[in-house]
Amino acid sequence: MRHHPDAVMLFAAGFGTRMGELTRNTPKPLLRVGGKALLDRTLDLTHAISPARTVVNAHYHHQKVVDHLKAKPVQVVVETPEILETGGGLRNALPLLGDGPVFTSNTDAVWRGPNPFQMLQEAWQPEKMDALLLCLPKENAIGHKGKGDFVLSETGQISRGPGVVYSGIQILKTDGLHDISETAFSLNLLWDQMHKRDRLYGLTYPGKWCDVGSPEGITLAEKMLEAPDV
C-alpha cells in the first residue's frame, strides 16, 4: 500500500491586499463565501483524507485566525515579526508537520467537483515524484486572469509556461527546504529544484475552481456554487 502523507499545511498568513476594504480588519481566509469562511471551506475538504496533523500559519490579523480556530483540532503557527511567504512559512512549521511529504493548500479558493485532497492522495507516487500539483485547464479556473502557470507533459511532468493553472493545493516533499538560505521565500524555489531533477508533476482537476483573490471573486464563487449541475 502506498504511504500517504498525513500532514496538512494551510497558508493563511497573507495580507489580502487585492480585497481592499474587505480585509482592512479581517484576514482574507476569514472572509465568507456562501455563508462560510474560506478557511473553513478548505478545512472541510481536508476531512476526506483524515490528516493526523493540520497546521495553519497566520500573520496578518493573526489573533483573529487563532481565535477562529481555537475549537478545532488545528495548530496555528504565528509568523512574527515578519511574514515568511509560502516556502519560509512551510519550513517554519516543519517541527509540527513532521519529516514526511505534506499537503499544502492556499485558503483563498472555492471548489466544485471531486475532493481535491483525495484526488492528490490517490495519484501520489513518491518513488518518482517530489511534488504533485493539482492544476486546472484555464476554462475551469473561474476568476483567474493569467495565461496559466505550467505546461503539463504526457508523462504528467510539469514545466513553467502558459498552460494549466496551479490550483494552490499540492503534495510536496520538504527535504529541500533546508538547503535554501533565505528566511522568507516562495515555494517556487523548491519547485525549481524538483523540476531540474524531473520530479515535478501535475494532476488535472476535472471540476471547477474559483480564485477568490478580489471582491468580485466572492461573487463569482457564489455563482459557481449555486449553478445547476450540467
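A cavity is a set of grid points where a 1.4 Å probe fits but cannot get out. Keep that idea at hand as you work through these exercises on a predicted model.

## Exercise 1: The enclosed space

Find out how many cavities of 30 Å³ or more the structure holds, and describe the lining of the largest cavity.

**Solution.**
- Step 1. Rolling a probe the size of a water molecule over the atoms shows where empty space is left.
- Step 2. The structure holds one cavity of 30 Å³ or more, and the largest cavity has a volume of about 30 Å³.
- Step 3. Its lining is made by T42, S105, N106, A109, W111, S167, G168 and I169.
- Step 4. Two or more of these residues come from each of β6, β7 and β12. The top contributor is β12, with three residues.
- Step 5. Sorted by class, the lining has three nonpolar residues, five polar ones and no charged ones.

## Exercise 2: The open spaces

Describe the largest pocket and the second largest pocket by volume and lining.

**Solution.**
- Step 1. Start with the largest pocket, whose volume is about 900 Å³. Its lining has 32 residues, and F11, K28, T86, N106 and D108 lie nearest the centre.
- Step 2. Look for the elements that give two or more residues to this lining: they are β1 (7–12), α3 (85–97), β6 (102–106), β12 (165–172), α5 (188–196) and β14. The largest share, four residues, belongs to β12.
- Step 3. Sort the lining of the largest pocket by class: 11 residues are nonpolar, 15 polar and six charged.
- Step 4. Now turn to the second largest pocket, with about 210 Å³ of space. Here 13 residues form the lining, and L43, H47, T54, P73 and V74 lie nearest the centre.
- Step 5. In the second largest pocket, α1 (38–46) and β4 (53–58) are the elements giving two or more residues. The most come from α1, which gives four.
- Step 6. The classes in the second largest pocket are five nonpolar, four polar and four charged.

## Exercise 3: A pair of rings

Work out why the pair of W111 and Y205 has its particular class, and where its two residues sit.

**Solution.**
- Step 1. A pair of aromatic rings is described by the distance of the centres and the angle of the planes.
- Step 2. The model has five aromatic pairs by the rule that ring centres lie within 6.5 Å. In the pair of W111 and Y205, the centres are 4.8 Å apart and the planes meet at 85°.
- Step 3. Planes over 60 degrees apart count as edge-to-face, so W111 and Y205 form an edge-to-face pair.
- Step 4. W111 belongs to strand β7 (residues 109–112), while Y205 is in the loop between β13 (200–204) and β14 (208–211). The two residues are 94 residues apart, so the pair links distant parts of the chain.
- Step 5. Buried means under 20% relative accessible area. W111 is buried, at 13%, and Y205 is buried too, at 0%.
- Step 6. For further ring contacts, look at F150, Y166 and W191, which form one aromatic cluster.

## Exercise 4: Two cysteines

Explain why C210 and C135 are not bonded to each other.

**Solution.**
- Step 1. A disulfide is a covalent bond between the sulfur atoms of two cysteines.
- Step 2. The cut-off is a pair of sulfur atoms within 2.5 Å.
- Step 3. The closest cysteine sulfur to that of C210 is in C135, 17 Å away, and therefore too far for a bond.
- Step 4. The structure accordingly holds zero disulfides. C135 is buried at 0% relative accessibility, and C210 is buried with a relative accessible area of 0%.

## Exercise 5: A sheet and its edges

Give the strand order of the sheet that contains β7, β14 and β9, and name its edge strands.

**Solution.**
- Step 1. Strands of a sheet pair through backbone hydrogen bonds, either parallel or antiparallel.
- Step 2. The three strands form an open sheet in the order β7-β14-β9, with mixed pairing.
- Step 3. β7 and β9 (141–142) each pair on one side only, and they are the edge strands.
- Step 4. β7 and β14 run antiparallel and are joined by four bridges. Across from A109 stands D211 in β14.

Methods:
Residues are numbered from 1 along each chain as its sequence is written. This is a predicted model: local features need pLDDT of at least 70, side-chain atom pairs count only at pLDDT 80 or more; totals for chains, interfaces and linings use all residues. Side-chain values use heavy atoms; hydrogens and water are left out. Rings of Phe, Tyr and Trp (its six-membered ring) pair if their centres lie within 6.5 Å; planes under 30 degrees apart count as stacked, over 60 as edge-to-face and the rest as tilted. Buried means under 20% relative accessible area, exposed over 50%, partly exposed in between (1.4 Å probe, protein chains only). On a 1 Å grid over the protein atoms alone, a cavity is a set of points where a 1.4 Å probe fits but cannot get out, and a pocket is an open set with protein on both sides within 12 Å along at least five of seven lines; lining residues have an atom within 4 Å of a point. Grid points are joined across faces, edges and corners, and a volume is the space filled by probe spheres set on the points. Ala, Val, Leu, Ile, Met, Phe, Trp, Tyr, Cys and Pro count as nonpolar, Asp, Glu, Lys and Arg as charged, and the others, Gly among them, as polar. Two strands pair if DSSP finds at least two bridges between them.
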